[in-house]
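Me: I would like a close look at a single part of this structure, with the residues named. Please keep to what the model shows.

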Amino acid sequence: MPDPRHVPVMLDRVVALLAPALERPGSTFLDATLGLGGHTEAVLERCPEARVVGVDRDRHALELAGERLAPHAERLTLVHAVYDEIPDVLDDLGLRHLDGVLFDLGVSSMQLDVRERGFAYAEDAPLDMRMDDTVGRTAADVLNTYEFGDLVRVLSRYGEEKFARAIARAVVKARETEPFTRSARLVELLYDTIPAPARRTGGHPAKRTFQALRIEVNDELGVLERAVPAAVAATPVGGRVVVMSYHSLEDRLVKRVFTAGTTSTAPHDLPVVPADLEPPLRSLTRGSEKATPEEIAQNPRAASVRLRAVARVNTNRGDHAA
């Protein structure tokens, strides 16, 4: 069982970015990736005027977070949903807008720590990797049913694995003898396939393949591509969206959405930009922010985080601010 008191990544910075949008009585904060509820707990404690909606596709996370956040139950609504379903969540709850939204992307501490979920390559476990383990295909299904070309695409695009073709070829050959069911066999195949010099650099040789399978199984980039614009569209003037990414594919996508919303559509040679051509968003961070060395020392999972945040400053361009 994971520790429900695990301290979330960049907790104080996240709350500091969100708090100005949550000072008004009746303001609403949506944690789109609730996990164990650490960020939401801090918002509930430090932003007493805010109503909070916690969303997660993982029913186990919702159950544990609900226990942790029980003292704040009167201000909290928990919703089982994928975070690209924000418009549906708002409709179901009768909410017109969101004053603050947080995305803490990737796999959660709970999912990594529960061996049976199959997210971690350090221990032998079933090859599942579903964030909602009640629906959809598993990582084993991907390995056992995808054609060679599709495996290469997944490993190359989502894992940025330069040995994708060799790994895909080895997987296709190995599954002819026996289907993949557990992570240890896949890790062994990766050690056998990736050349020794490459295994000595860039971290664990299974890291990129496991990342690629997880992203494919959960459609993480597709969900994110839909979710961040939906969150931006739901914020009123003064509303804020904070996103924490953990690999370059996520961060690139978030950067693209935020850059579009913070860039004026006025011609560059205009001496004065008309109000209706001003960008609808203002960046609250200079590029992406990283965790401090002190936090990384306490929590190694913070090492790869990239945080970006924006505030809505007007209603120009509406939804295609994103």
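At roughly what angle do the axes of helix H8 and helix H9 cross? Please add an account of the salt bridges as well.

Reply: The model is a predicted one. In it, helix H8 covers residues 164-177 and helix H9 covers residues 183-193; their axes come within 10 Å and cross at roughly 130°. H8 is therefore oblique to H9, since an angle over 145 degrees would be needed to count as roughly antiparallel and 65 to 115 degrees counts as roughly perpendicular. The crossing of H8 past H9 is right-handed.

On the H8 side, the contact is made by Ala166, Ile167, Ala170, Val171, Ala174 and Arg175. H9 contributes Arg185, Leu189, Leu190 and Thr193. Sorted by type, the residues of this contact comprise 7 nonpolar, 1 polar and 2 charged.

Now to the salt bridges. Side chains of opposite charge can pair when their charged atoms come close. Across the whole structure, the search finds 16 salt bridges. Arg137, Asp150, Arg153 and Glu216 are joined in a network of such bridges.

One pair in that network is Glu216 with Arg137, whose closest N and O atoms are 3.3 Å apart. This pair links distant parts of the chain: Glu216 is in helix H11 (residues 207-218), while Arg137 is in the loop between helix H5 (109-113) and helix H6 (139-145), and the two are 79 residues apart. The partners also differ in exposure. Glu216 has a relative accessible area of 8% and so is buried, the cut-off for that being under 20%. Arg137, with a relative accessible area of 38%, is partly exposed.

Another pair in the network is Arg153 with Asp150, where the closest N and O atoms are 4.0 Å apart. These two residues lie in helix H7 (residues 148-159), and because they are 3 residues apart, about one helical turn separates them. Arg153 is partly exposed, at a relative accessible area of 33%, and Asp150 is also partly exposed, at 35% relative accessibility.

A further salt bridge is formed by the side chains of Asp219 and Arg226, at 3.1 Å from N to O. Asp219 counts as partly exposed at 35% relative accessibility, and Arg226 counts as partly exposed at 44%.

How values were computed
Residues numbered from 1 in each chain as written. Predicted model: local features only at pLDDT ≥ 70, side-chain atom pairs only at ≥ 80, totals over all residues. Heavy atoms only, no water. Helix = DSSP H or I, 4+ residues; strand = E, 2+ residues; numbered from the N terminus. Buried < 20%, exposed > 50% of the residue type's maximum accessible area, 1.4 Å probe, protein only. Axes fitted to C-alpha atoms, helices over the stretch in contact; angles between N-to-C directions. Parallel < 35°, antiparallel > 145°, perpendicular 65-115°, else oblique. Left-handed = near helix turned anticlockwise from the far one by under 90°. Contact = heavy atoms within 4.5 Å. Nonpolar A, V, L, I, M, F, W, Y, C, P; charged D, E, K, R; others polar.
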